[in-house]
Amino acid sequence: MDEPVIANVATIVGGGLCVSSEDGQKVHDKIIPLLREGRKVALSFEGVETVISAFLNAAVGQLYGEFPEDRIRELLTVRDISTDDIAIMKRVVENAKRYFANKQTYDEAWKGVVGDDEE
Amino acid sequence: MLSRITFFMIYALPSISNTKSGFDALALLAKSSSSLKFSDLEVDFKNCSFFAANMAAVLGAVLGRIELAFNTVRIVNVPEKVQTILRKNEFLKGFDFETLSDSNGTTLPFRRIQLDDTTRFDGYIRRHVRGKGIPIMSEALSSVFKRKLYEVFENAAIHSNSEMGVCCCGQYFPNKQCLDITIADAGIGIRQNVRRHLHNNDISSLDALRWALQEGHSTKTGPHPGGLGLQFLKEFIQKNGGRIRIASRLGYYIFYRGNETFSKLAADLPGTAVTISINTADTTEYCLNSEVSADEIF
């Protein structure tokens, strides 16, 4: 059976605080070569104390701009993650799916907006 | 031979409350001194009979920006009551006033933290935010509140381009059962970020704020989605019964009990200031119940 490679987030980041998008990018950069080779990856959150959406956007959210949804579902799993962090990650993933599906439309609507005169 | 012209400016600061009028007054200070370079600014507190402690973060950001333009800033004629507040929270330490001991343990001291120094910000949260009557909560809630503060800090780190970092300051009010904390930068502000992102230089500060506050909207460059931090903050504050105030350039926003109000500031306040007011009497059993298992995330 194809056992996933375990990528420990706290080890990659160098601690339990996952609160910067820079650190999220480190996680992304670590797992992307594996995913591109078609290898399964299990992201382990053992030792992670605090995680925020900005971190997860960089670590995981941007994958939806690089791979189709079903490919991510096939290759990527998470483990050792708290219920709170599952809830946040789910929101990040749903947001990322919408972002990459609708990006053009979102921005077009605001391009013609003209506000009050300002300095 | 060219010589540099040095100006000496005196600015009388009025009382500064944790409301729109306080932000208006600090925006007017920023505007009045915006063209000063290599000059002296004296901020005269003789008309300032009250100063909301957390607003020291905003004043710190405004004065920090002035100092970055090679100006010297002095603070004078501070009334005793105001001095007590601003010496206890150590804001005046940077202007050669001695600090006063925070014997009541209700102060979140003024600190300036560089944008890449998450360790120092973490230390600030751990040391000064806990134990100040944060709502009785489970481990889950404790981590939720900390998370929101990190989201705000990281927003500044990603978007502000603030050379001087962020200023943090806060105050706990045991009688009102309320804790106010402000994180302020003097960077480029929400308007410039949004204008750049949408390639529309006509967007006003208020429209930029409206855009930025919508879930999923982010001006982050690069292939990152974003735009959840403020949404999560709103959801938390809605449950908690607290308040969010955001001031950026000419825009001012309040979120309270599900209602959002947008209004225009009296002048251009550089950067962005976010104030979170927490209801510390909240005894909600926070628990981010996820109906989703780990297998269903993607």
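**Exercise 1.** Find the residue of β3(A) that stands opposite A:Ile6, then follow the pairing onward into β5(A).

*Solution.* A:Ile6 faces A:Ala42. A word on the model before going on: it is predicted, so local features need pLDDT of at least 70 and side-chain atom pairs count only at pLDDT 80 or more, while totals for chains, interfaces and linings use all residues. Residues are numbered from 1 along each chain as its sequence is written, with chains lettered from A and ligands numbered from 1 in the order in which they are written.

Step one: strand β1 (residues 5-8) of chain A runs parallel to strand β3 (residues 41-44) of chain A, and 4 bridges join them. Strands here are DSSP runs of E with at least two residues, helices are runs of H or I with at least four, and both are numbered from the N terminus. Two strands pair if DSSP finds at least two bridges between them.

Step two: β3(A) also pairs with strand β5 (residues 76-79) of chain A, again in the parallel sense and over 4 bridges. There, A:Ala42 has A:Thr77 as its bridge partner.

**Exercise 2.** Describe the sheet of chain B that includes β4 and β7, and locate the helix that packs on it.

*Solution.* Start with the order: 5 strands make an open, antiparallel sheet, β4-β5-β6-β8-β7 (chain B). At its edges lie β4 (107-113) and β7 (243-256) of chain B, each pairing on one side only. Neighbouring strands are turned by 15 degrees against each other on average, direction ignored.

Next, look at one pair. β4(B) meets strand β5 (residues 166-173) of chain B through 5 antiparallel bridges, and B:Arg111 stands opposite B:Cys168 in β5(B). Helix α4 (residues 118-129) of chain B packs on the sheet by touching β4 and β5 of chain B, with a direction about 175 degrees from that of β4(B). Axes are lines fitted to C-alpha atoms, for helices over the stretch in contact, and angles run from 0 to 180 degrees between N-to-C directions.

**Exercise 3.** Which residues have the most contacts inside the largest nonpolar core, and which helix gives the most to it?

*Solution.* A nonpolar core joins buried Ala, Val, Leu, Ile, Met, Phe, Trp, Tyr and Cys residues through C-beta atoms within 7 Å. "Buried" means 20 or more other C-beta atoms within 10 Å of a residue's own, "exposed" 12 or fewer, and "partly exposed" in between, with C-beta atoms placed from the backbone. The core has 119 residues, and B:Leu26, B:Ala57, B:Val58 and B:Val62 have the most contacts inside it. Helix α5 (residues 139-159) of chain B gives the most, 9 residues.

Now zoom in on B:Val62: beyond its neighbours within four places in sequence, it is in contact (C-beta atoms within 7 Å) with B:Leu26, B:Leu29, B:Ala30 and B:Ala186.

**Exercise 4.** Is helix α6 (residues 189-198) of chain B mostly covered or uncovered?

*Solution.* Mostly covered: 8 of its 10 residues are buried, including B:Ile190, B:Arg191 and B:His197. Just after α6(B) comes B:His199, with a positive phi near 50 degrees.

**Exercise 5.** How many residues of chain A are in contact with chain B, and which element gives the largest share?

*Solution.* 41 residues of chain A contact 38 residues of chain B. On the chain A side, the elements giving two or more residues are α3 (53-59), α4 (69-75), β5 and α5 (83-111). The largest share, 16 residues, comes from α5(A).

Definitions and conventions
Two residues are in contact if their C-beta atoms, placed from the backbone, lie within 7 Å.
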